[in-house]
Structures are given as C-alpha cells and as structure tokens.
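Welcome, and please open your viewer. We will walk through one fold stop by stop, with a selection to make at each.

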Amino acid sequence: MEFFPPIPLAEWRDCEEALHRFEQVVGKIRLAASVRRNHWWNVPFHLTGRGITTRPMGRAGGVPFTIDFDFVSHRLVVASLDGTEVSFPLYGRSVASFHRATLDALAALGARVDIPLPNPFDLPDASRPFAEDTEHAAYDPVQANTYWRVLSQVALILEEFAAGFSGKASPVHHFWHTFDIAYSRFSGRHAEQSAETDPVTREAYSREVISFGFWFGDDTFPEPAFYSYTSPEPPGLAEEPLAPGSARWVARNGSHLAILRYDDVRAEADPRAAVLAFYDSAYRAGAGRADWDMARLACPGGVTDQHLGAPPD
C-alpha cells in the first residue's frame with residue numbers, strides 16, 4: 001500500500017463535494033449536540049480504524065450516541081452506547097437523501113437534535129438547505145477510501161510532531177467546515193483582535209497559535225498540500241527558511257501560509273521525514289519571530305521529565 005497515494009483534487013472533485021456536504025450535515029449535528037470547548041474543539045471529527053467519528057456526544061434515550069463514517073464498508077453508523085445501532089450506505093445518495101436518512105437514524109435512537117442552520121457552511125451553495133440538495137450525489141467508494149487513508153497517514157505524522165511540544169495544544173482533528181486535518185500549538189499568551197472580528201474567529205484565535213495541517217485543495221489552491229500558519233502573524237515571518245527546499249510561503253488573505261505540495265512530498269525519498277521537517281521549520285519560523293519560549297515548551301520524544309529523558313549512564 002502506497003504511503004501517500006495520489007489524490008489530485010480534479011479527479012475526485014465530484015465525490016469530494018458530496019462527501020464534504022455529508023460531513024457538514026453530521027458536523028452541524030455534532031455542533032448542536034456536544035458540549036462547547038475552547039477554540040471550538042468540540043466541533044471536529046477524529047480518525048478511527050475504519051473512518052472518522054464524532055466521538056460520544058449528546059443523549060439518545062438517556063445514553064450518549066456517536067455518528068461514524070465507515071470508509072471501509074461505506075456506511076454511516078449512528079449508535080447509542082446501549083448497543084442500539086442504525087446504519088445506511090453512503091453511496092447512491094444525494095445530500096438531501098443523506099440528510100433525511102441521518103435524521104431518521106437519530107429519531108430511531110430517540111435522539112432529537114435541532115440544527116439551527118441546516119445549510120452548508122462557507123460553500124458556494126450555502127443558501128440551499130441540505131434537504132433540497134439533489135445535485136451532489138457522486139460518492140465514490142474507492143475515492144472516499146483513499147481520502148481516509150491519506151487522512152490517517154497525515155494524522156499519524158501530526159501525532160508524532162505533537163509529541164515534541166509540552167504546552168497547550170489541540171488534538172489532531174478533522175474539521176468538516178474546511179475539510180482539513182489540523183493540530184495547533186499555543187504560546188499561552190492572549191491575542192488581541194479587532195472589534196469587527198466575527199465571534200467564530202474570535203474564539204478560534206483568542207490565543208497566540210501556530211497551526212499545522214493538510215487540506216485536499218479548494219478553488220483558490222486547487223491541489224492537496226500541507227500547510228502551517230502563525231496567528232497573529234509576526235513581522236518578517238515569510239522571510240524565514242522552510243524545509244524541505246520545495247516548501248514556500250504563499251500570501252493568503254493578508255497573511256502568509258507555509259505550503260508544501262502533496263505531490264512534492266510524494267516525490268521525496270522519505271515522505272514522512274519531509275513532512276516532519278516542514279512542520280518543524282514552520283514552527284521554528286513562527287515561534288522564533290513571535291518570541292515564544294521554545295526551550296520551555298519543548299518535549300523531546302514526548303517526555304517532560306528531565307530524568308526520564310536523560311540518556312542512560
């Protein structure tokens with residue numbers, strides 16, 4: 001099995017657009033049924049051995065419930081922790097059909113989740129309710145499985161990278177609104193924001209943060225890539241070197257993203273090492289320019305105790 005299989009956006013765009021909206025349906029249920037966490041950490045999905053999960057949330061007939069995408073059997077599984085389970089196939093469905101089947105599955109478990117805005121978030125058809133979208137219906141099992149395998153490989157690399165930091169940090173999680181997987185490190189300092197900043201952004205960026213992740217591409221950057229950004233962006237960030245040599249800084253929305261193209265990583269002799277080097281260089285660039293205490297926040301090999309971390313005599 002190839003470590004990073006090819007996944008050009010142009011070749012699976014129809015499937016990606018359907019799957020993205022399927023995930024937004026479930027994501028909005030998660031948003032409505034979960035306890036709010038700082039920086040919206042209650043919102044994203046998490047990887048499993050067969051797909052992605054909401055993890056336990058809400059209450060269905062007195063017990064928590066979960067919603068899982070199974071990208072091996074290609075089913076949505078809605079289950080309560082008393083063992084009751086309802087599932088249905090992902091393929092052969094429009095967004096409208098998926099939306100209805102998901103709500104029916106919740107109802108069968110006794111769950112009543114009110115989605116305040118049952119429309120796509122930040123997508124071209126944001127004004128169209130999920131229940132009316134019969135256009136997006138191109139779920140492809142092979143392409144969806146490849147998407148999950150790529151997510152899984154990236155998640156493992158992000159977990160390895162996360163081991164080197166002992167400060168406040170996010171889980172490795174998959175955001176359904178932007179369709180990316182990410183991990184974030186925080187300096188511990190408050191971040192000032194303008195009064196015009198919307199509430200969602202204010203909560204996401206209320207503390208100094210450096211984020212690292214991967215996304216499958218969008219209309220502005222139509223190819224998969226690894227990325228990192230520092231918020232608020234310190235002066236001179238884009239002057240810092242990045243590794244490997246194919247990585248670069250890209251101007252985006254008035255700031256800069258560190259970018260490493262997925263296809264450039266696939267061409268590397270050691271793709272895993274290339275991605276780790278990229279994330280490390282982006283962290284050193286942002287943390288150095290923003291004057292983070294990198295020595296205090298370091299956690300070599302995932303160990304904070306200096307005695308446990310010391311080499312044997």
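Two strands count as paired here when DSSP finds at least two bridges between them. With that in mind, select strand 7 and strand 8: they pair in the antiparallel sense over 3 bridges. Keep in mind as you look that this is a predicted model.

**Stop 1: the hairpin**

Strand 7 and strand 8 form a hairpin, with 4 residues between them. Show Phe175 and you will find Asp180 of strand 8 standing opposite. Now pick Phe179, which sits in the loop between strand 7 and strand 8. What is unusual about the phi of Phe179? Phe179 has a positive value of about 60°, although this residue is not a glycine. Is Phe179 buried or exposed? Its relative accessible area is 2%, so Phe179 counts as buried, the limit being under 20%.

**Stop 2: along the sheet**

Widen the selection to the whole sheet. This is an open sheet of 6 strands, in the order 7-8-9-10-12-11, with antiparallel pairing. Which strands stand at the edges? They are strand 7 (173-175) and strand 11 (248-252); each has a single partner strand, so one side of each is left without a neighbour in the sheet. On average, neighbouring strands of this sheet are turned by 35° against each other, direction ignored.

Next, zoom in on strand 8 (residues 180-190) and strand 9 (residues 207-215), which run antiparallel and are joined by 8 bridges. Two pairs help you keep the register: Arg185 stands opposite Ile210 in strand 9, and His190 stands opposite Arg207 in strand 9. Colour strand 8 by accessibility: 8 of its 11 residues are buried, so strand 8 is largely enclosed by the rest of the structure.

**Stop 3: the helix on the sheet**

Add helix 3 (residues 141-162), which packs on the sheet and touches strand 7, strand 8, strand 9 and strand 10 (225-231). The direction of helix 3 makes about 25° with that of strand 8.

**Stop 4: the nonpolar cores**

In soluble globular proteins, nonpolar side chains tend to be buried together. Here the largest nonpolar core has 75 residues, and Leu19, Phe69, Phe71, Tyr147, Phe226 and Tyr279 touch the most other members. Helix 3 supplies the largest share of this core, 11 residues.

Centre the view on Leu19. Leaving aside residues up to four places away in sequence, Leu19 touches Trp12, Phe69, Phe71, Tyr139, Ala144, Tyr147 and Phe179. The last of these brings you back to the residue in the hairpin turn. Apart from the largest core lies another, of 8 residues, including Phe175, Phe221, Ala225 and Tyr227.

**Stop 5: the loops at the far end of the tour**

Follow the chain into the loop between strand 10 and strand 11, where Pro232 is found. The peptide bond from Ser231 to Pro232 is cis, with omega near -5°. Pro244 has its place in the loop between strand 10 and strand 11 too, and the bond from Ala243 to Pro244 is also cis, with omega near -5°.

Finally, select Asn253, in the loop between strand 11 and strand 12 (255-261). Asn253 has a positive phi of about 55° although it is not a glycine. Is Asn253 buried or exposed? The relative accessibility of Asn253 is 78%, so this residue counts as exposed, the limit being over 50%.

Definitions and conventions. Residues are numbered from 1 along each chain as its sequence is written. This is a predicted model: local features need pLDDT of at least 70, side-chain atom pairs count only at pLDDT 80 or more; totals for chains, interfaces and linings use all residues. Side-chain values use heavy atoms; hydrogens and water are left out. Axes are lines fitted to C-alpha atoms, for helices over the stretch in contact, and angles run from 0 to 180 degrees between N-to-C directions. Contact means heavy atoms within 4.5 Å. A nonpolar core is a set of buried Ala, Val, Leu, Ile, Met, Phe, Trp, Tyr and Cys residues joined through side-chain atoms within 4.5 Å. Buried means under 20% relative accessible area, exposed over 50%, partly exposed in between (1.4 Å probe, protein chains only).
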